[in-house]
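Biologist: I would like a close look at one part of this model. Please start with the nonpolar patch on the surface, then work inwards and tell me what lies beneath.

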Amino acid sequence: MVDTMSELTPHEDDSARMRASDADRDAVAHSLREALAEGRLDPDEHADRLDAVYRAKTLGELVPLTRDLPTTGSTPTPVPADFRSPRPIYGAGRIVDQAPTSNSALVLMGGADRSGNWVVPGAFTAAAMMGGIELDLREARFTRRETTIWICTLMGGVGIIVPDDIQVRVHGLPIMGGFGIEGNTPSVVEPDAPIVHIRGIAVMGGVGVEYRARKHQDDEEDE
């Protein structure tokens, strides 16, 4: 009888194996931000734990990240409406109702770049004469679903780095130069994902489009 009863006793908390939702991760991320503001975590600790939050697949993986922090009660503190999740965005989530952060990049015998969380307008101009421009769209947001990047390069180069969740269409005219796409073109992209048209002219210069993994995707592959 004792053996039978012990077989019926759970040895593991099933809730810890439950898959975590985006709301669960955001709640923990908010708690970590509060702990950073109060001085309970230093910036490096906060960054390490935040990375772990958005890698977590189950509720059990989230628990240790706030175990040594004070709790405010038996129920979790609700996430404020203005809390901006650091969770990476994909596809249609990149289309935002925000003002563009940059409309052009112009260089003469020099260099320029646009990268990070920048907002791309419906039409962006890149012009390089004997210089180079790099446009990194991996963390970019877009004001429209279809964006056109107009390029003019003379004895210069423009490099465009793109993630695997947007569509890219190249329509450029090379004159003693070239337009090209490098890397593995994604075979499947969600229907409402942003579309980026690359148009313009390259005279004795080059325009290269390269698909490259985002930073958090590189981290996942290294594990």
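Modeller: Keep in mind that this is a predicted model. The surface patch is nonpolar and is formed by Leu108, Met109, Met129, Met130, Leu154, Met155, Leu173, Ile175, Met176 and Met204. Together these residues have about 1,000 Å² of accessible area.

Take Met176 as one member of the patch. Met176 sits in the loop between β10 (173–175) and β11 (178–182). Its relative accessible area is 69%, and the cut-off for exposed is over 50%, so Met176 counts as exposed. The backbone deserves a look too. Phi of Met176 is near 55 degrees, a positive value in a residue other than glycine.

Met130 is also in the patch. Met130 lies in the loop between β4 and β5. Met130 has a positive phi of about 50 degrees, although this residue is not a glycine. Its relative accessibility is 41%, so Met130 counts as partly exposed. The range for that class runs between 20% and 50%, which is why Met130 is not called exposed.

Now go inwards. In soluble globular proteins, nonpolar side chains tend to be buried together. Here the largest nonpolar core has 26 residues. Leu137, Ile160 and Ile198 have the most contacts inside this core. Several strands supply two or more residues each: β1 (104–108), β4 (123–129), β5 (132–136), β7 (146–154), β8 (157–162), β12 (195–203) and β13 (206–211). A second, separate core has 13 residues, including Ala20, Ala29, Leu62 and Leu69.

Leu137 is a good residue to centre your view on. Setting aside residues up to four places away in sequence, Leu137 touches Arg94, Trp118, Val120, Ile149, Ile160, Ile161, Val162, Pro163, Ile166 and Val196. Two of these names lead further: Trp118 and Arg94.

Follow Trp118 first. Trp118 and Phe124 form an aromatic pair. The geometry is edge-to-face, with 5.5 Å centre to centre and 75 degrees between the planes. The count for the structure comes to one aromatic pair. Are its two rings buried or exposed? Trp118 has a relative accessible area of 5%, so this residue is buried. Phe124 is at 0%, so this residue is buried as well.

Phe124 leads on to Thr148, since these two residues are in contact. Thr148 is found in strand β7. Beyond its neighbours within four places in sequence, Thr148 also contacts Gly122, Ala123, His197 and Arg199. The relative accessible area of Thr148 is 15%; the limit for buried is under 20%, so Thr148 is buried.

Now follow Arg94. Arg94 forms a salt bridge with Asp165, and the closest N and O atoms are 2.8 Å apart. This pair links distant parts of the chain. Arg94 is in the loop between α4 (59–62) and β1, whereas Asp165 is in the loop between β8 and β9 (167–170). The two residues are 71 residues apart. Both Arg94 and Asp165 are buried.

Pro194 is in contact with both partners of that salt bridge, Arg94 and Asp165. Other contacts of Pro194, not counting neighbours within four places in sequence, are Gly91, Ala92, Ile95, Phe142, Arg145, Ile166 and Gln167. Pro194 is found in the loop between β11 and β12. Its relative accessibility is 0%, so Pro194 counts as buried. Look at Gly91 as well. The C-alpha atoms of Pro194 and Gly91 are separated by 6.4 Å, while the two residues are 103 residues apart along the chain.

Finally, the other charged pairs. The whole structure holds five salt bridges. One of them joins the side chains of Asp136 and Arg138, at 2.8 Å from N to O. Asp136 and Arg138 are both buried. Another joins the side chains of Glu210 and Arg212, also at 2.8 Å from N to O. Here the partners are partly exposed: Glu210 has 27% relative accessibility, and Arg212 has a relative accessible area of 36%.

Note on methods
Residues are numbered from 1 along each chain as its sequence is written. This is a predicted model: local features need pLDDT of at least 70, side-chain atom pairs count only at pLDDT 80 or more; totals for chains, interfaces and linings use all residues. Side-chain values use heavy atoms; hydrogens and water are left out. A nonpolar core is a set of buried Ala, Val, Leu, Ile, Met, Phe, Trp, Tyr and Cys residues joined through side-chain atoms within 4.5 Å. Buried means under 20% relative accessible area, exposed over 50%, partly exposed in between (1.4 Å probe, protein chains only). Helices (H or I, at least four residues) and strands (E, at least two) are DSSP runs, numbered from the N terminus. Contact means heavy atoms within 4.5 Å. Patches are made of residues with over 30% relative accessible area and no salt bridge: like charges are joined within 9 Å, nonpolar side chains (Val, Leu, Ile, Met, Phe, Trp, Tyr) within 5 Å. Accessible areas come from the Shrake-Rupley method with a 1.4 Å probe; for residues, only the protein chains shown count as cover. A salt bridge is a side-chain nitrogen of Lys or Arg within 4 Å of a carboxyl oxygen of Asp or Glu. Rings of Phe, Tyr and Trp (its six-membered ring) pair if their centres lie within 6.5 Å; planes under 30 degrees apart count as stacked, over 60 as edge-to-face and the rest as tilted.
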